[in-house]
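User: Please take a close look at one part of this model. I want to know what is packed inside, what is left outside and which charged side chains pair up.

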Amino acid sequence: MASAGPWGRLLRHVAPALPLAGGALAMRLLDRPGPAALLAAGAVALSLGRRLGLGARLALAAALGALALACAAWPERMALLARLLPVAGDLLLAAHFGATLRPGREPLISRYTRHDAGSRLAECAGYTRGLTWLWTLLFLAVAPLHAAALLGLPPFPAPVAAPLVLGLTAAVMLAFFLGEHVIRTLRFPQFGIATPARTLRAVLAATLAHHA
C-alpha cells in the first residue's frame with residue numbers, strides 16, 4: 001500500500017493529457033490531420049505546463065490558440081504539420097534527455113541509475129552522463145532523417161519510404177538499447193547482469209519518486 005501514493009500522483013499527472021492524446025490518435029486514424037496536430041500539441045502543452053510558471057503557461061495557451069486558428073485557415077499546411085508529428089516526438093525526447101545535461105542538473109540516466117538497487121552511481125557517473133549524451137544525440141540524429149522520409153525529400157524520393165525508414169530507425173534504437181546493456185554488464189561486472197527489465201524497473205522507480 002505504500003506505493004499507492006506515488007502511483008496515484010503519477011496517474012493524476014498524466015491523466016489530464018490522456019483524452020487529448022487519445023483524441024489525436026483518433027483524428028489521425030480518421031484522416032483529420034489538422035485536429036490531430038492540435039490535440040497532440042494540446043497534450044504536450046498540458047504535460048509541460050504543470051512545471052512552468054504563469055507567463056510560460058500563458059505563452060503556451062497563446063501558441064495553442066494560434067495553432068487552432070491555423071487549423072481553420074490553412075488545413076493543407078496543418079496536414080503537413082501532422083505528418084511531421086514523429087519528428088516533434090524525436091525533438092521532445094532529445095530535449096527530455098538533453099535538458100538534464102545542463103550545469104547543476106543530474107543527467108537523466110544517472111537519475112535512473114540512482115534508483116537501481118544493484119548499481120552504485122559513484123562508480124559509473126561518467127558512464128551514465130556519457131550515455132545521456134548519446135541518447136540525446138541519437139534522437140537529434142534521427143529527427144532530420146524522419147523529416148526527409150515523411151516529406152519525400154532526398155535521399156528518400158517518395159513518402160511511401162517513410163514507414164520503412166521509421167521502422168529501420170526504431171530497430172536501430174532498439175539494438176542500441178539492448179547492446180548497451182551488454183556493454184554495461186562487461187564494464188561494470190560488480191553490478192551484476194544489466195537487463196532491460198531491470199532498467200525499466202529503475203526508470204519506473206525514478207519516475208514515481210520524481211512525482212512523489
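Analyst: A helix here is a DSSP run of H or I with at least four residues, and helices are numbered from the N terminus. The model is predicted.

Take the N-terminal example of that rule before the main part. Helix α2 covers residues 18–29 and has 12 residues. From its first C-alpha to its last it reaches 17 Å, close to the 16 Å expected at 1.5 Å a residue. Asp31 follows α2, and the phi of Asp31 is positive, near 60°.

Now the main part: helix α8 and what packs on it. Start inside. The largest nonpolar core has 17 residues. Phe97, Cys124, Trp135, Phe139 and Met173 touch the most other members. Helices α6 (85–98), α7 (108–114) and α8 each supply at least two residues of this core. The most come from α8, which gives eight residues.

Met173 is one of the well-connected members. Leaving out residues up to four places away in sequence, Met173 touches Trp135, Leu138, Phe139 and Val142. A second core, separate from the largest, has 10 residues, among them Val87, Ala148, Ala149 and Ala162.

Next, two residues of α8 itself. Thr136 lies in this helix, which spans residues 121–151. Thr136 counts as buried because its relative accessibility is 6%, and the cut-off for buried is under 20%. Beyond its neighbours within four places in sequence, Thr136 is in contact with Ala94, Phe97, Gly98 and Leu101. Phe97 also belongs to the largest nonpolar core.

Leu137 is found in α8 too. Its relative accessibility is 46%, so Leu137 counts as partly exposed. Leu137 joins Leu91, Trp133 and Leu140 in a nonpolar patch on the surface. Together these residues have about 380 Å² of accessible area. Helix α8 provides the largest share of the patch, three residues.

Helix α9 comes after α8. It runs over residues 162–187 and has 26 residues. Its reach from first C-alpha to last is 37 Å, close to the 38 Å expected at 1.5 Å a residue. The buried residues of α9 are Ala162, Val165, Thr169, Met173, Glu180, His181, Arg184 and Thr185. Met173 is the one that touches Trp135 and Phe139. Ala162 belongs to the second core.

That list for α9 also holds charged residues, Glu180 and Arg184. They form a salt bridge, with the closest N and O atoms 2.6 Å apart. Both lie in α9, four residues apart, about one turn of the helix. Residues three or four places apart in an α-helix point the same way, because there are 3.6 residues a turn.

The model has four salt bridges. One of them links Asp116 and Arg198, at 3.0 Å from N to O. Asp116 sits in the loop between α7 and α8, and Arg198 in helix α10 (residues 196–210), so this pair ties together parts 82 residues apart in sequence. Asp116 and Arg198 are both buried.

Another salt bridge joins the side chains of Arg114 and Glu106, at 2.4 Å from N to O. Arg114 is exposed, because its relative accessible area is 52%, and the cut-off for exposed is over 50%. Glu106 is partly exposed, with a relative accessible area of 25%.

In short, α8 gives the most residues to the largest core and the largest share of the nonpolar patch.

How values were computed:
Residues numbered from 1 in each chain as written. Predicted model: local features only at pLDDT ≥ 70, side-chain atom pairs only at ≥ 80, totals over all residues. Heavy atoms only, no water. Buried < 20%, exposed > 50% of the residue type's maximum accessible area, 1.4 Å probe, protein only. Contact = heavy atoms within 4.5 Å. Expected span 1.5 Å × (residues − 1). Core = buried A, V, L, I, M, F, W, Y, C linked by side-chain atoms within 4.5 Å. Patch = residues over 30% accessible without salt bridge, like charges linked within 9 Å, V, L, I, M, F, W, Y side chains within 5 Å. Areas by Shrake-Rupley, 256 points an atom, 1.4 Å probe, with all protein chains shown as cover.
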